Every structure is written in structure tokens, then in C-alpha cells.
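Visitor: Please walk me through how to read a few features of a model like this one. Begin with whatever the later steps depend on.

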Amino acid sequence: METKYLTVEEAAEYLNTGVRFVRRLIAERRIAFHKAGVHVRLAVVDLEVFMQSGRVEPITRSSVLRDLGRAA
């Protein structure tokens, strides 16, 4: 399988965010990246992993009841 790498600008477009946000993720080491000399590249796979790590499940009746049971 071939890995696709994106520039910071392309990664920002892929994530539908600004370039500044992607650069901050890189600076804070919150996302995996690759350096080729002075160039920074982000693998599409790593972008997907980052997005999935921020996934929030919807609230359901059973999850609310379960969480209320923990609070008691």
C-alpha cells in the first residue's frame, strides 16, 4: 500500500481547517509528521488517526442512565 503525504497547506485543506491550526498541532506534537530536510509532510493515515481520536459519540438514553448510575 502506498502512503500519501500532504504538505501543511494540503493537510489544512484536507481537515477543512486553517494552516495555523495544523502548524500548532505540529508544534505541540499532537499529530504525527515527517520531516524531509526543512520540509514537513503529514501522512493521510496520520490525519485520519488524529480525527478519529477526537471522535465524540452521541448521547443516548442508555448512556445517560449509565452515567447517572456512576454518579451515585
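Guide: A residue is called buried under 20% relative accessible area, exposed over 50%, and partly exposed in between. Keep in mind throughout that this is a predicted model.

Visitor: Is Asp67 exposed or partly exposed?

Guide: Asp67 has 41% relative accessibility, so Asp67 counts as partly exposed. Arg66 is also placed in the partly exposed class, at 46%. The side chains of Asp67 and Arg66 meet in a salt bridge, with N and O at 3.9 Å.

Visitor: That distance needs a cut-off.

Guide: The rule asks for a side-chain nitrogen of Lys or Arg within 4 Å of a carboxyl oxygen of Asp or Glu. The pair of Asp67 and Arg66, at 3.9 Å, is listed as a salt bridge.

Visitor: How many salt bridges does the rule give?

Guide: The count comes to five. Salt bridges that share partners join Arg24, Glu28 and Arg30 into one network. Within that network, the closest N and O atoms of Arg30 and Glu28 are 3.1 Å apart. Arg30 is partly exposed at 43% relative accessibility, and Glu28 is partly exposed at 42%.

Visitor: Which residue forms a salt bridge with Glu57?

Guide: Arg55 does, and the closest N and O atoms of this pair are 2.7 Å apart. Glu57 is exposed, with a relative accessible area of 52%. Arg55 is exposed too, at 53%.

Visitor: Next, the helices. Which residues of helix α2 are buried?

Guide: For a helix, a useful step is to list the residues by burial and then check where they lie around the axis. In α2, which spans residues 19-27, Val22, Leu25 and Ile26 are buried. They cover an arc of only 100° around the axis, which means that they sit on the same side of α2. Arg20 and Ala27 are exposed on the other side of α2.

Visitor: What do the buried residues of α2 pack against?

Guide: Their packing partners are α1 (8-15), β3 (39-43) and α3 (44-53). After the helix comes Arg29, with a positive phi near 55°.

Visitor: Which residues touch the most other members of the largest nonpolar core?

Guide: Reading a core means asking who belongs to it, then who touches whom. This core has 14 residues, and the ones touching the most other members are Val8, Ala11, Val22, Ile26, Ile31, Leu42 and Leu47. At least two residues come from each of α1, α2, β3 and α3. The largest share, four residues, is supplied by α1.

Visitor: What is Ala11 in contact with, beyond its neighbours within four places in sequence?

Guide: With those neighbours left aside, Ala11 contacts Leu6, Val22, Leu42 and Leu47.

Visitor: Where is Ile31 found?

Guide: Ile31 lies in the loop between α2 and β2. Its relative accessible area is 6%, so Ile31 is buried. Not counting residues up to four places away in sequence, Ile31 touches Leu25, Ile26, Leu42, Asp46, Leu47 and Phe50. Take Leu47 from that list: Ile31 and Leu47 are 16 residues apart in sequence, and their C-alpha atoms are 7.5 Å apart.

Visitor: Now the sheet. What is the order of its three strands?

Guide: A general point comes before the case. In a regular strand, side chains alternate between the two faces of the sheet. Here the sheet is open, its order is β1-β3-β2, and the pairing is antiparallel. β1 and β2 stand at the edges with a single partner strand each, so one side of each has no neighbour in the sheet. α3 packs on the sheet and touches β1, β2 and β3, and its direction makes about 65° with that of β3.

Visitor: How many bridges join β2 to β3?

Guide: Three bridges join β2 (residues 34-36) to β3. In one pairing, His34 has Arg41 of β3 as its bridge partner. The hairpin of β2 and β3 has two residues between the strands, and Gly37 takes a positive phi near 70° there.

Visitor: And which residue of β3 does Leu6 stand opposite?

Guide: Leu6 stands opposite Leu42. Strand β1 (residues 5-6) pairs with β3 over two bridges, in the antiparallel sense. Leu42 also appears among the core residues that touch the most other members, and both Leu6 and Leu42 are in contact with Ala11.

Key
Residues are numbered from 1 along each chain as its sequence is written. This is a predicted model: local features need pLDDT of at least 70, side-chain atom pairs count only at pLDDT 80 or more; totals for chains, interfaces and linings use all residues. Side-chain values use heavy atoms; hydrogens and water are left out. Buried means under 20% relative accessible area, exposed over 50%, partly exposed in between (1.4 Å probe, protein chains only). The arc is that of the directions from the helix axis to the C-beta atoms. Contact means heavy atoms within 4.5 Å. A nonpolar core is a set of buried Ala, Val, Leu, Ile, Met, Phe, Trp, Tyr and Cys residues joined through side-chain atoms within 4.5 Å. Two strands pair if DSSP finds at least two bridges between them. Axes are lines fitted to C-alpha atoms, for helices over the stretch in contact, and angles run from 0 to 180 degrees between N-to-C directions.
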